[in-house]
Amino acid sequence: MLEIIEPSETPAGPVGPTEWMDVAACVGHSDLFFAPFAERPEARVRREAAARMICSNCVGLSSCQEYARSNRELGFWGGESESERAEAGFPPTTPIIGRKRVAEQRARDAMANAS
Ligand code: SF4
């Protein structure tokens with residue numbers, strides 16, 4: 001049975017350390033980590049496979065995965081897709097409409113806060 005871990009509260013900003021963003025292997029590849037509008041399933045599989053390859057060589061993988069789970073991020077983080085994070089009990093809390101824009105803004109905010 002799928003267990004959903006409820007957020008304890010709605011945070012005002014990102015939760016958890018962000019130092020790992022300084023060594024992120026995905027910098028410059030955001031097109032692989034966030035779905036374009038109306039992405040077809042086959043394209044998603046190819047895009048996420050490419051993202052997974054980048055994550056597999058990233059020294060920040062475990063911290064990134066924990067961060068994405070804690071913050072209910074959208075997109076591909078820490079070697080996990082949104083659906084894989086949801087299956088692990090950490091579904092995104094953002095409505096489907098506008099998710100790409102929200103995901104991109106969250107990623108920009110997180111990277112800006114890390115620098
Ligand atoms: S684990 Fe993946 S998503 Fe996270 S910082 Fe590294 S390359 Fe980027």
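This is a working chat about the predicted model shown above.

User: What am I looking at, and what should I know before reading it?
Analyst: It is a predicted model: local features need pLDDT of at least 70, side-chain atom pairs count only at pLDDT 80 or more, and totals for chains, interfaces and linings use all residues. Residues are numbered from 1 along each chain as its sequence is written.

User: How many helices and strands does the chain have?
Analyst: Five helices and zero strands. The order from the N terminus is α-α-α-α-α. Helices (H or I, at least four residues) and strands (E, at least two) are DSSP runs, numbered from the N terminus.

User: What share of the chain is buried?
Analyst: Buried residues are 23% of the 115 residues. A residue is buried if 20 or more other C-beta atoms lie within 10 Å of its own, exposed if 12 or fewer, and partly exposed in between, with C-beta atoms placed from the backbone.

User: And the contacts, how many join residues at least 24 apart?
Analyst: 62% of the contacts between residues at least 6 apart in sequence. Two residues are in contact if their C-beta atoms, placed from the backbone, lie within 7 Å.

User: Now the ligand. Which residues surround it most closely?
Analyst: The closest are Ala24, Cys26, Cys55, Cys58 and Cys64, in a shell of 13 residues. A residue is near the ligand if its C-beta atom, placed from the backbone, lies within 6 Å of it.

User: Which helices supply that shell?
Analyst: α2 (41-56) and α3 (61-70) each give at least two residues.

User: How do the shell residues divide into nonpolar, polar and charged?
Analyst: There are 10 nonpolar, three polar and no charged. Here Ala, Val, Leu, Ile, Met, Phe, Trp, Tyr, Cys and Pro count as nonpolar, Asp, Glu, Lys and Arg as charged, and the others, Gly among them, as polar.

User: Take α2. Which of its residues are buried?
Analyst: Glu48, Ala51 and Cys55. They cover an arc of only 60° around the axis, so they sit on the same side of α2. The arc is that of the directions from the helix axis to the C-beta atoms.

User: What is exposed on the other side of α2?
Analyst: Glu42, Ala43, Val45, Ala49, Met53 and Ser56. The cover over the buried residues of α2 includes α1 (30-33) and α3.

User: What about the span of α2?
Analyst: Its end C-alpha atoms are 22 Å apart, which agrees with the 22 Å that 16 residues should span at 1.5 Å a residue. The expected span is 1.5 Å times one less than the number of residues.

User: Same for α3. Which residues are buried there?
Analyst: Cys64, Gln65, Tyr67 and Ala68. Down the axis of α3 they fall within an arc of 165°, so they line one face of the helix. They pack against α4 (82-87).

User: Which residues touch the most others in the largest nonpolar core?
Analyst: Phe33, Ala51 and Cys64, in a core of 16 residues. α1, α2 and α3 each supply at least two residues of this core. The largest share, three residues, comes from α3. A nonpolar core is a set of buried Ala, Val, Leu, Ile, Met, Phe, Trp, Tyr and Cys residues joined through C-beta atoms within 7 Å.

User: What is Phe33 in contact with?
Analyst: Leaving aside neighbours within four places in sequence, Phe33 contacts Cys26, Ala51, Gly75 and Phe76.

User: And Leu61?
Analyst: Leu61 lies in α3. It is partly exposed because it has 18 C-beta neighbours inside 10 Å. Beyond four places in sequence, Leu61 contacts Cys55, Gly78 and Gly79.

User: Where is Val102?
Analyst: In helix α5 (residues 99-114). With 16 other C-beta atoms within 10 Å, Val102 is partly exposed. Outside four places in sequence, Val102 contacts Leu74 and Thr94. The C-alpha atoms of Val102 and Leu74 are 8.0 Å apart, with their positions 28 residues apart along the chain.

User: Any odd backbone angles?
Analyst: Most residues other than glycine have a negative phi. Ala38 has a positive phi, near 55°. Arg72 also has a positive phi, of about 50°, and is not a glycine.

User: Are those two buried or exposed?
Analyst: Ala38 is exposed, with 6 other C-beta atoms within 10 Å. Arg72 counts as buried, with 20 C-beta neighbours inside 10 Å. Ala38 is in the loop between α1 and α2, and Arg72 in the loop between α3 and α4.
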